[in-house]
Amino acid sequence: MILQVGGLHPTVERELSTTYGALRLPAGDGPYYAFLAEHGPQVTVAVTGSGMDAALIGALPRLAAVINLGVGYDSVDVAALKPRGIALSNTPDVLTDCVADLAVGGLIDVFRGMSASDRFVRRGEWAAGHKFPLQRRVSGTRVGILGLGRIGRAIAHRLEAFGCTVTYHNRRRVDDVAYGYAASPLELARSVDAVIVTTPGGSDTQALVSAEVLAALGPDGFLVNVARGSVVDQDALVAALASGALGGAALDVFTDEPRVPEELFALDNVVLLPHIGSATVETREAMAQLVLRNLERFLADGTLVTPVLL
């Protein structure tokens, strides 16, 4: 039996219902627990875009695979999967270009004040004779990438066209690139004009961008986060932006989505986005098709197209 956990792309939901006769986990404590008591022992595969905690995984004794819609899987309790040998898949590669596009767009926006200048025009300030303040140039700047995986590499490739000097930090040096390597996030921040965060979320990267890292970027530095909100110390980030200790930020992710710190709303040096890194028609459909290919493959032979190594 296949279980749908949370809302999914319409293509996936349609196929789960019509082709596989999947059940959907209901909301609300009463229906939720009643459903698990009745159907939990029959579920062998779960398809989710909203994550699965240890309690839910534990209520599915025959669960053999979790098919995750999204490249990030930090909302799935991996520690609960490992001891039982439960397989996990995600949707890498197909969203790389769109997330990279958004990251570079956020960088340009916050450097040039594009969203801020749009608000300036809409408020009637230009028509009233006021001048929008000078902003910062993007071309030729020094950009640090925190996490040089698929998305980080795609961003670096785009930045080369702007004549930017790219430096990166990973836990391990990447052998097949010519970009400069920084031994720590702090060293990275000290050497660049902006840091773009593309590292995975989870406990290993919790608050990797600390108050000290933000201070190293300084009042002329910028932060772009298209990874996970947990990677940045959000309280320190808000304080740095509000005080002017950090030059600006473009943020697509937050620690408690969809809640965004209200202190950021009035700041013109901050671009706020509703977690739309992969939110294009083309990419979401490609992600949906990859989810379905993973499901089909697992049901056919017990393997996955894009397995996550746990």
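The predicted model holds four aromatic pairs. Two of these, both edge-to-face, are described here. Tyr32 and Tyr33 form one such pair, with ring centres 5.0 Å apart and 85° between the planes. Tyr32 has 18% relative accessibility and therefore counts as buried, the cut-off being under 20%. Tyr33, at 54%, counts as exposed because its value is over 50%.

Phe120 and Phe132 also form an edge-to-face pair, at 5.3 Å centre to centre and 65° between the planes. This pair links distant parts of the chain: Phe120 belongs to helix α6 (residues 114-122), whereas Phe132 lies in the loop between α6 and β6 (142-146), twelve residues apart. Phe120 is buried, and Phe132 is partly exposed.

| Residue | Relative accessibility | Class |
|---|---|---|
| Tyr32 | 18% | buried |
| Tyr33 | 54% | exposed |
| Phe120 | 6% | buried |
| Phe132 | 26% | partly exposed |

A further feature is the packing of two helices. The axes of helix α5 (residues 96-112) and helix α7 (residues 150-160) come within 9 Å and cross at roughly 50°. The angle makes α5 oblique to α7, and the crossing is right-handed. On the α5 side, the contact is made by Thr96, Asp97, Val99, Ala100, Asp101, Ala103, Val104 and Leu107. On the α7 side, Arg150, Ile151, Ala154, Ile155, Arg158 and Leu159 take part. The residues of this contact divide into nine nonpolar, one polar and four charged.

Note on methods
Residues are numbered from 1 along each chain as its sequence is written. This is a predicted model: local features need pLDDT of at least 70, side-chain atom pairs count only at pLDDT 80 or more; totals for chains, interfaces and linings use all residues. Side-chain values use heavy atoms; hydrogens and water are left out. Axes are lines fitted to C-alpha atoms, for helices over the stretch in contact, and angles run from 0 to 180 degrees between N-to-C directions. Helices (H or I, at least four residues) and strands (E, at least two) are DSSP runs, numbered from the N terminus. Angles under 35 degrees count as roughly parallel, over 145 as roughly antiparallel, 65 to 115 as roughly perpendicular and the rest as oblique. A crossing is left-handed if the near helix is turned anticlockwise from the far one by less than a right angle, and right-handed if clockwise. Contact means heavy atoms within 4.5 Å. Ala, Val, Leu, Ile, Met, Phe, Trp, Tyr, Cys and Pro count as nonpolar, Asp, Glu, Lys and Arg as charged, and the others, Gly among them, as polar. Rings of Phe, Tyr and Trp (its six-membered ring) pair if their centres lie within 6.5 Å; planes under 30 degrees apart count as stacked, over 60 as edge-to-face and the rest as tilted. Buried means under 20% relative accessible area, exposed over 50%, partly exposed in between (1.4 Å probe, protein chains only).
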